Amino acid sequence: MPQASDLAEGSYGERQVVTTLDGDLQRLAARTVRRAGLGRAQVALVAMRLDGRVVAMVGGRDYAQSPFNRATQARRQPGSAFKPFVYLAAFRAGLTPNTPVDDRPIRLGSWTPRNYSDSYRGRISLREAVAHSSNSVAVQVQERVGRDAVIRAARDLGITSELRPDPSLALGVNGVSLIELTAAYAAIAAGRYPIRPRGLPIPDESWLGWSTPADRLSRDRAFPMLRDVLYAVVNRGTGRAAALAVPTFGKTGTTSDYRDAVFVGFAGDLVVGVWVGNDDNRPLPGTSGGGLPARIWRSFMTEALGIRPAPRVAPVPLSQTDRDETPANAVDEALAPGPSQPQDVPLPPVPEVVIPPPPQPRPEPQPKARFRRAALRSARGAPGGDRTISSRHKRRAPRRRAA
């Protein structure tokens with residue numbers, strides 16, 4: 001790790017370095033990757049706590065064959081896993097998960113963003129658009145709130161890689177590292193930003209470990225809405241293969257020609273990112289973020305959290321997952337208010353990520369009793385105050401002797 005190298009620089013001889021890695025979780029991560037059935041593809045996995053402590057990391061399929069760390073050194077396209085930054089900017093601008101949007105073909109100049117398999121759902125809620133990873137809606141929302149706002153949201157959550165303000169920004173075409181992307185999702189889980197990933201413990205850190213003021217960050221109302229839509233992704237969208245028996249949040253990402261497949265999500269107090277691809281950028285036909293990366297993520301999380309995966313549903317190919325055979329007018333009818341049908345059917349209440357409250361400041365020490373009495377006497381003697389003097393402090397008049 002670069003942090004460990006910096007710590008040991010200038011020293012001689014053997015030196016022990018304490019890291020944040022958890023031995024059990026590190027062995028679990030290596031075992032999960034080994035059993036994933038990757039073929040010749042490469043893989044990277046990062047697991048961290050909500051405060052950025054990296055507890056497990058796998059930089060490749062076999063360190064002996066390739067020491068290159070794909071979790072920290074590689075810059076790969078995240079695809080739709082970048083879209084939470086678009087929707088963070090949108091929620092800050094006043095949109096909500098229930099905002100109606102039009103999932104339809106659009107054109108920006110000579111460029112036409114296309115949904116997977118050219119399927120469009122018509123008028124739907126923003127929540128449904130995120131759950132089914134609509135490219136059309138993501139670009140429309142980006143153009144509505146502004147590309148600068150999207151880049152600012154990504155920067156707020158800790159993305160430091162170069163981001164070009166092109167129309168395709170919303171679709172995750174700019175390369176980022178897996179560790180910075182995972183740390184950004186940790187910020188979404190924690191409801192504060194930025195979360196700085198670290199592999200070394202901070203000397204004399206507090207029990208909470210936060211490095212930024214909590215009061216300023218906890219008032220951002222966009223984070224609960226962002227968790228709402230990420231909850232929908234896993235429970236009824238493209239990320240269903242990652243569903244656990246506990247509240248699960250995440251986002252899939254698949255790039256053009258299946259060159260990169262990503263799943264990043266969180267449950268409990270763990271945030272985990274998984275990338276699958278080839279070093280030479282060759283395509284992996286049929287490998288999507290909701291497939292192998294989501295299954296690796298679920299396999300790791302079930303053992304790491306000591307829980308079971310959610311009950312399996314019948315496997316649905318991604319092409320069918322995103323296809324809507326319903327006539328277009330039926331969508332409008334379904335969204336139209338009726339006597340017994342609400343305009344939008346929300347998900348069940350989204351469970352919140354439980355975060356310990358920040359430590360309360362210690363009360364100021366009270367002055368001792370003698371100082372309080374002195375202050376009271378001083379106040380009584382001040383102009384306009386009560387000038388009454390106690391009898392024991394009055395001067396007695398001299399007695400006159402009888403003549």
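**Close-ups of a predicted model**

**View 1. What helix α5 sits against.** The buried residues of α5 pack up against α3, β3 (100-103), α4 (126-131) and α6 (147-156). This is a predicted model, so treat every close-up here as a look at a prediction. Helix α5 covers residues 135-145, and eight of its 11 residues are buried, so the rest of the structure largely encloses it. The buried set is N135, S136, V137, A138, V139, V141, Q142 and V145.

**View 2. The two ends of α5.** At the start of the helix, look for S134: one of its side-chain oxygens comes to within 3.5 Å of the backbone nitrogen of S136. Just after α5, on the other side, G146 adopts a positive phi of about 100°.

**View 3. Y87 and the largest nonpolar core.** Which residues touch the most other members of this 64-residue core? They are Y87 and L157. The biggest contribution to the core comes from helix α7 (residues 178-190), which puts in 11 residues. Setting aside neighbours within four places in sequence, Y87 is in contact with L126, V130, S134, V137, A138, V141 and L226. Three of those names may ring a bell from View 1: V137, A138 and V141 are among the buried residues of α5. S134 is another partner of Y87, and its side chain is the one that reaches toward S136 at the helix start.

**View 4. A second core.** Away from the Y87 picture, there is a separate nonpolar core of 31 residues. Its members include L28, V276, L284 and A294.

**View 5. N69 in its loop.** N69 belongs to the loop that runs between β2 (54-58) and α3 (83-92). Is N69 buried or exposed? N69 has a relative accessible area of 19%, so it counts as buried, the cut-off being under 20%. A polar atom of the N69 side chain lies 2.9 Å from the backbone nitrogen of A71. Leaving out neighbours within four places in sequence, N69 is in contact with M57, G59 and A74.

**View 6. Zooming back out.** For context around the close-ups, the protein has 13 helices and seven strands. Of its 403 residues, 46% are buried. Take the contacts between residues at least 6 apart in sequence: 71% of them join residues at least 24 apart. The protein exposes about 22200 Å², with carbon and sulfur atoms supplying 51% of that area.

Technical notes:
Residues are numbered from 1 along each chain as its sequence is written. This is a predicted model: local features need pLDDT of at least 70, side-chain atom pairs count only at pLDDT 80 or more; totals for chains, interfaces and linings use all residues. Side-chain values use heavy atoms; hydrogens and water are left out. A nonpolar core is a set of buried Ala, Val, Leu, Ile, Met, Phe, Trp, Tyr and Cys residues joined through side-chain atoms within 4.5 Å. Buried means under 20% relative accessible area, exposed over 50%, partly exposed in between (1.4 Å probe, protein chains only). Helices (H or I, at least four residues) and strands (E, at least two) are DSSP runs, numbered from the N terminus. Contact means heavy atoms within 4.5 Å. A polar contact is a pair of N or O atoms within 3.5 Å; within protein, one must be able to donate a hydrogen and the other to accept it, and residues adjacent in sequence count only if both atoms are side-chain atoms. Accessible areas come from the Shrake-Rupley method with a 1.4 Å probe; for residues, only the protein chains shown count as cover.
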